[in-house]
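Please read the following report alongside the sequence and the three-dimensional structure. It deals with aromatic pairs, with one residue in a loop and with one helix.

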Amino acid sequence: RSPLAVLIVLRGNSGSGKTALSKRLQEALGPNTMRISHDTVRMEILNVRGEEGVRRSTPLLIELLRYGRAHSAVTILEGILPSSDYAPLFVAAADLFGAENLFAYYYDLPFAETLARHATKPNRADFGEAEMRRWWQGRDLVSSLRETVFGPELSLEEAAAQVLRDVRGE
């Protein structure tokens with residue numbers, strides 16, 4: 001495996017733990033680890049929501065993956081990223097990094113679990129159960145990626161340890 005070619009994709013519903021895991025991984029992997037938050041790109045950088053958010057964020061996310069591939073030892077992409085909306089992004093990710101350097105994970109949690117996890121987050125007052133129900137999608141695996149599924153029994157520490165073992169080839 002090339003040292004400058006690893007992509008970690010973390011997907012799942014709102015409140016599942018993607019952002020916490022991406023931050024933990026970036027810290028563990030150290031310098032030269034690029035973390036791309038879909039929410040940051042879509043809502044903060046582009047200031048777009050809904051269908052416009054999908055349409056406008058996809059090309060930028062692909063460009064950020066290109067940059068990560070060229071300049072970072074590890075690139076981490078995290079977000080809800082519904083499979084049907086972001087299919088072109090996943091195709092580009094596989095083309096850029098190759099199957100052997102792409103590690104994809106999907107949090108498959110019951111709604112009640114994501115709600116409970118959301119209650120522990122610093123931004124818990126920004127949105128609540130009604131919004132989370134609107135955004136909710138059942139098991140949404142990407143057919144073109146080999147996604148490892150994380151269930152509710154897996155702690156943040158256990159998820160991080162598994163991703164690190166996978167990426168390091170242990």
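Phe150 has a relative accessibility of 1% in this predicted model, and because buried means under 20% relative accessible area, Phe150 counts as buried. Tyr105, with a relative accessible area of 2%, is buried too, and so is Tyr107, for which the value is 4%.

These residues meet through their rings, and the count comes to 2 aromatic pairs. In one of them, the ring centres of Tyr105 and Phe150 are 5.2 Å apart and the planes stand at 25°, so the pair is stacked, given that planes under 30 degrees apart count as stacked. This pair links distant parts of the chain, since Tyr105 belongs to strand E4 (residues 102–107) and Phe150 to strand E5 (residues 147–150), 45 residues apart. Phe150 also pairs with Tyr107, here in an edge-to-face arrangement with 5.5 Å from centre to centre and 70° between the planes. That pair likewise links distant parts of the chain, with Tyr107 in strand E4 and Phe150 in strand E5, 43 residues apart. Tyr105, Tyr107 and Phe150 together form one aromatic cluster. The geometry of the pairs is set out below.

| Pair | Centre to centre | Angle between planes | Arrangement |
|---|---|---|---|
| Tyr105 and Phe150 | 5.2 Å | 25° | stacked |
| Tyr107 and Phe150 | 5.5 Å | 70° | edge-to-face |

Asp140 lies in the loop between helix H6 (129–135) and E5. Is Asp140 buried or exposed? At 12% relative accessibility, Asp140 counts as buried, and its side chain is joined to that of Ser83 by a polar contact of 2.5 Å. When neighbours within four places in sequence are left aside, the residues in contact with Asp140 are Arg11, Leu81, Pro82, Ser83, Tyr106 and Glu147.

Helix H7 (residues 156–168) consists of 13 residues and reaches 18 Å from its first C-alpha to its last, close to the 18 Å expected at 1.5 Å a residue. Within H7, the residues Ala159, Ala160, Val163, Leu164 and Val167 are buried. Seen down the axis of H7, the buried residues fall within an arc of 130°, so they line one face of the helix. What covers these buried residues includes strand E1 (6–12) and helix H1 (18–29), together with E4 and E5, and E4 and E5 are also the strands that hold Tyr105 and Phe150. Just after H7, Gly169 takes a positive phi of about 70°.

How values were computed: Residues are numbered from 1 along each chain as its sequence is written. This is a predicted model: local features need pLDDT of at least 70, side-chain atom pairs count only at pLDDT 80 or more; totals for chains, interfaces and linings use all residues. Side-chain values use heavy atoms; hydrogens and water are left out. Rings of Phe, Tyr and Trp (its six-membered ring) pair if their centres lie within 6.5 Å; planes under 30 degrees apart count as stacked, over 60 as edge-to-face and the rest as tilted. Helices (H or I, at least four residues) and strands (E, at least two) are DSSP runs, numbered from the N terminus. Buried means under 20% relative accessible area, exposed over 50%, partly exposed in between (1.4 Å probe, protein chains only). A polar contact is a pair of N or O atoms within 3.5 Å; within protein, one must be able to donate a hydrogen and the other to accept it, and residues adjacent in sequence count only if both atoms are side-chain atoms. Contact means heavy atoms within 4.5 Å. The expected span of a helix is 1.5 Å times one less than its number of residues. The arc is that of the directions from the helix axis to the C-beta atoms.
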